[in-house]
Structure formats: C-alpha cells, structure tokens
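Here are some exercises to work through with the model open beside you. Try each task before you read its solution.

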Amino acid sequence: MANIKQSMDELMTIDGALCAALVDSGSGMILGQVGSGVDLEVAAAGNTEVVRAKNKTMRALGLNDVIEDILITLGRQYHIIRPLQKHEGLFVYLVLDKSKSNLALARRKTQDVEQNLAV
C-alpha cells in the first residue's frame, strides 16, 4: 500500500504526466498534489463540479452504475478524473501532455495507483 505522496509520485512516472492531485469531491479540497502546468486549486474545484454533475445525471437517468473515469480531451492535453472506488468521495485528477502520452497505458496506471492507495 502507498500513501498519498507515493501515489502522486507514481502518477508522475506516466509518460507525458504534467501534474496530478488527489481531491475530496465533497469540498473540492486537494489532499495531495504533484507537478505543474495547471493551477491545481482551480482544477480541483472545477472538476469537483464535473464529478457532482455526472453523478446527478446518472441518478436522474436511473443508471445503477459507477464512474470508472472521466476523460477530457483538449488540443494538447488529456485530463483524467478517476473517482476512487475504495475511498468514496475522493478522486484522482491527472493531466497529461497529449503528444507524449499513451492514453490507454495512463488509464491503466491510474487504476493501479488507485488500487494501492492507502488514505
């Protein structure tokens, strides 16, 4: 099992990783962060709203399912939001340089980091 700092550092080993954070989706507060290139305080608050909106929409649709991850594709970046199954109310936020990353491998590595995270 890895602590928050170790988990954030592990995310930064992903090819093209720019920054990452562990966020409390109840408050939008960052519990751990690493890297640069994005204002993680603003991103954490904004992506908290994304997670809340998606959960609300799923409830309205009567979908009995869970979010594995939310992918936002920009011109030069991928943004991965991964709500934690083992730690409800938390999500991992990862920003990747699109030209230097492999999205499938990044999603897999993010899942592995989630499985080993001890909060």
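**Exercise 1. A helix on the sheet**

Which strands does helix 2 lie across, and at what angle does helix 2 run to strand 5?

Solution. Keep in mind that this is a predicted model.

Step 1: Follow helix 2, and you will find that it lies across strand 1 (17-24), strand 2, strand 3, strand 4 and strand 5.

Step 2: Compare directions; helix 2 runs at about 120° to strand 5.

Step 3: Now turn to helix 3, which also packs on the sheet and touches strand 3, strand 4 and strand 5. The direction of helix 3 makes about 30° with that of strand 4.

**Exercise 2. The order of the strands**

Work out the strand order of the sheet, and name its edge strands.

Solution. Step 1: Read across the open sheet of five strands, and the order comes out as 2-1-5-4-3, with antiparallel pairing.

Step 2: Look for strands that pair on one side only: these are strand 2 (30-35) and strand 3, the edge strands.

Step 3: Check the twist, which averages 10° from one strand to the next.

Step 4: Take the pairings of strand 4 in turn. Four bridges join strand 3 to the antiparallel strand 4, and a hairpin of three residues connects these two strands. In this pairing, Ile 70 stands opposite Ile 81. Strand 4 and strand 5 (residues 90-97) also run antiparallel, joined by seven bridges; here Arg 82 has Val 92 opposite it.

**Exercise 3. The partners of Arg 82**

Find the salt bridges that Arg 82 makes with Asp 69 and Glu 114, and say where each partner lies.

Solution. Step 1: Start with Asp 69, whose closest N–O approach to Arg 82 is 3.9 Å. This pair links distant parts of the chain, 13 residues apart: Arg 82 belongs to strand 4 (residues 77-83), and Asp 69 to the loop between helix 2 and strand 3 (70-73).

Step 2: Go on to Glu 114, which meets Arg 82 in a salt bridge of 2.6 Å, N to O. Glu 114 sits in helix 3 (residues 103-116), 32 residues from Arg 82 in strand 4.

Step 3: Put the pieces together. Salt bridges that share partners join Asp 69, Arg 82, Arg 107 and Glu 114 into one network.

**Exercise 4. Buried or exposed?**

Are Arg 82 and Asp 69 buried or exposed, and how does the pair Glu 49 and Arg 52 fare?

Solution. Step 1: Apply the cut-off, under 20% relative accessible area for a buried residue. Arg 82 has 8% relative accessibility, so it counts as buried. Asp 69, at 18%, is buried too. Glu 114 is likewise buried.

Step 2: Turn to helix 2 (residues 40-60), where Glu 49 and Arg 52 lie three residues apart, about one turn of the helix. Their closest N and O atoms are 2.9 Å apart, in a salt bridge.

Step 3: Read off the accessibility of this pair. Glu 49 is partly exposed at 45%, and Arg 52 is partly exposed at 35%.

Step 4: Set these bridges in context: the whole structure holds seven salt bridges.

**Exercise 5. The largest pocket**

How many residues line the largest pocket, and which helix gives the most to its lining?

Solution. Step 1: Locate the pocket, which has a volume of about 350 Å³.

Step 2: Count its lining of 16 residues; Asn 55, Pro 83, Leu 84, Glu 88 and Gly 89 lie nearest the centre.

Step 3: Sort the lining by element, and helix 2 gives the most, with five residues.

Note on methods
Residues are numbered from 1 along each chain as its sequence is written. This is a predicted model: local features need pLDDT of at least 70, side-chain atom pairs count only at pLDDT 80 or more; totals for chains, interfaces and linings use all residues. Side-chain values use heavy atoms; hydrogens and water are left out. A salt bridge is a side-chain nitrogen of Lys or Arg within 4 Å of a carboxyl oxygen of Asp or Glu. Buried means under 20% relative accessible area, exposed over 50%, partly exposed in between (1.4 Å probe, protein chains only). Two strands pair if DSSP finds at least two bridges between them. Axes are lines fitted to C-alpha atoms, for helices over the stretch in contact, and angles run from 0 to 180 degrees between N-to-C directions. Contact means heavy atoms within 4.5 Å. On a 1 Å grid over the protein atoms alone, a cavity is a set of points where a 1.4 Å probe fits but cannot get out, and a pocket is an open set with protein on both sides within 12 Å along at least five of seven lines; lining residues have an atom within 4 Å of a point. Grid points are joined across faces, edges and corners, and a volume is the space filled by probe spheres set on the points.
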